[in-house]
Amino acid sequence: MDSSIDPAEILAVRGLSAGYAGRAVVSGIDLSLDRGDILGLLGANGSGKSTLLRAITGQIRPLGGTVAIDGADLVRAPERAKSGFGLAVDPFDLPAALSGRQYLQLVASIRGCAEDDWPGVDVTDRLGLNRWIERPIAEYSLGTRAKIAIAAALLGTPPLLILDESLNGLDPLAAFEVKRIILALASNGRHAVIISTHVVEAVPGLCNRAILLADGRMARAWHARQLAEAGQMPGAFEAEVMQALAVQAADG
Ligand SMILES: Nc1ncnc2c1ncn2[C@@H]1O[C@H](COP(=O)(O)OP(=O)(O)OP(=O)(O)O)[C@@H](O)[C@H]1O
């Protein structure tokens, strides 16, 4: 590990730009996450949240800037960097022909861990997946697909957990359980979590950091104290997000 790397820092994004066919969709992104951080990633449809997460997870190559995960540079040490995160894949990208158990076995074999190597809890049980686990994913509802994607992302308890709109469509009990697992993960001080979501009101209660993307740029950031203060007054954080969006729209 580079001696200049802060061991508390799990994700270091510097001057990142990324997009498709050589055209930048996100640019000028600087982001640093420490162990214990839970980041809420906000932004309107098409603002670049998924593109940013694709660049951070090496699914698309950056057009500029750098990404390091748990001290490993994504371009220079891709295997080490990629072993540092668990990503809940898009429910529609799951292999439909496999059963839930076969998918967990596949991900576990890639990550080099057991198919039930979860952070201290039986995730399939907690998320109500047991009655589906032997059935083909093709038969799953959207929410059940999201559950198996989250269960797979948690395998091996990676340093960085990334959920891209994965809380959408979960039933209230599963959403509650996923939030409990995330909070427990972050509170042990060894992991960080990124959650992209349109559920703005859920952010102050779950996250200690938040950023708002607008047109592929970081339009606003909130740190822990600001989120805690906003969280004390119902609707205050949503009002701040809407105001930031309105300012962006007026400037654009
Ligand atoms: N595979 C792709 N090829 C070309 N352009 C793409 C591709 N995927 C996304 N884009 C474009 O990149 C921009 C940002 O899309 P992205 O999916 O990152 O936004 P998002 O903030 O995640 O949106 P949403 O909230 O709707 O999920 C959009 O203009 C979109 O059309």
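This report walks through a sheet, a helix, a ligand shell and one loop residue in the structure above. The model is predicted.

**The sheet**

Let us start with the strands. Six of them, in the order 6-7-8-3-9-10, make up an open sheet with mixed pairing. Strand 6 (85–88) and strand 10 (217–222) are its edge strands, and each of these pairs on one side only. Between neighbouring strands of this sheet, the average turn is 20 degrees, direction ignored. As a reminder, strands of a sheet pair through backbone hydrogen bonds, either parallel or antiparallel.

Which sense applies to strand 9 and strand 10? Strand 9 (residues 209–214) pairs with strand 10 in the antiparallel sense, over 5 bridges. Together, strand 9 and strand 10 form a hairpin with 2 residues between them. In that turn, Asp-215 has a positive phi of about 50 degrees. You can follow two of the cross-strand partners in this table:

| Residue | Partner in strand 10 |
|---|---|
| Ile-211 | Ala-221 |
| Leu-212 | Arg-220 |

A helix also meets this sheet. Helix 6 (residues 172–187) lies across strand 3 (38–43), strand 7 (160–164) and strand 8. Relative to strand 8, helix 6 runs at about 145 degrees.

**Helix 1 and the ligand**

Now look at helix 1, which spans residues 49–56. Is this helix mostly covered or mostly uncovered? Helix 1 is mostly covered, with 7 of its 8 residues buried. Among the buried residues are Lys-49, Thr-51, Leu-52 and Leu-53; Arg-54, Ala-55 and Ile-56 are buried too. Just after helix 1 comes Gly-58, with a positive phi of about 75 degrees.

Helix 1 also gives the most to the shell around the ligand, with 3 residues. The residues surrounding the ligand include Lys-49, Ser-50 and Thr-51. Tyr-20, Val-25, Gly-43, Asn-45, Gly-46, Ser-47 and Gly-48 are also part of these surroundings. Sorted by class, the shell has 2 nonpolar, 7 polar and 1 charged residues.

**A residue in a loop**

Finally, find Ala-202, in the loop between strand 8 (192–196) and helix 7 (203–206). Why does Ala-202 count as partly exposed? Ala-202 has 16 other C-beta atoms within 10 Å, and a residue is buried with 20 or more such atoms and exposed with 12 or fewer, so Ala-202 falls in between. In sequence, Ala-202 and Ala-24 are 178 residues apart. In space, Ala-202 and Ala-24 are 30 Å apart, C-alpha to C-alpha.

Conventions: Residues are numbered from 1 along each chain as its sequence is written. This is a predicted model: local features need pLDDT of at least 70, side-chain atom pairs count only at pLDDT 80 or more; totals for chains, interfaces and linings use all residues. Helices (H or I, at least four residues) and strands (E, at least two) are DSSP runs, numbered from the N terminus. A residue is near a molecule or strand if its C-beta atom, placed from the backbone, lies within 6 Å of it. Ala, Val, Leu, Ile, Met, Phe, Trp, Tyr, Cys and Pro count as nonpolar, Asp, Glu, Lys and Arg as charged, and the others, Gly among them, as polar. Two strands pair if DSSP finds at least two bridges between them. Axes are lines fitted to C-alpha atoms, for helices over the stretch in contact, and angles run from 0 to 180 degrees between N-to-C directions. Two residues are in contact if their C-beta atoms, placed from the backbone, lie within 7 Å.
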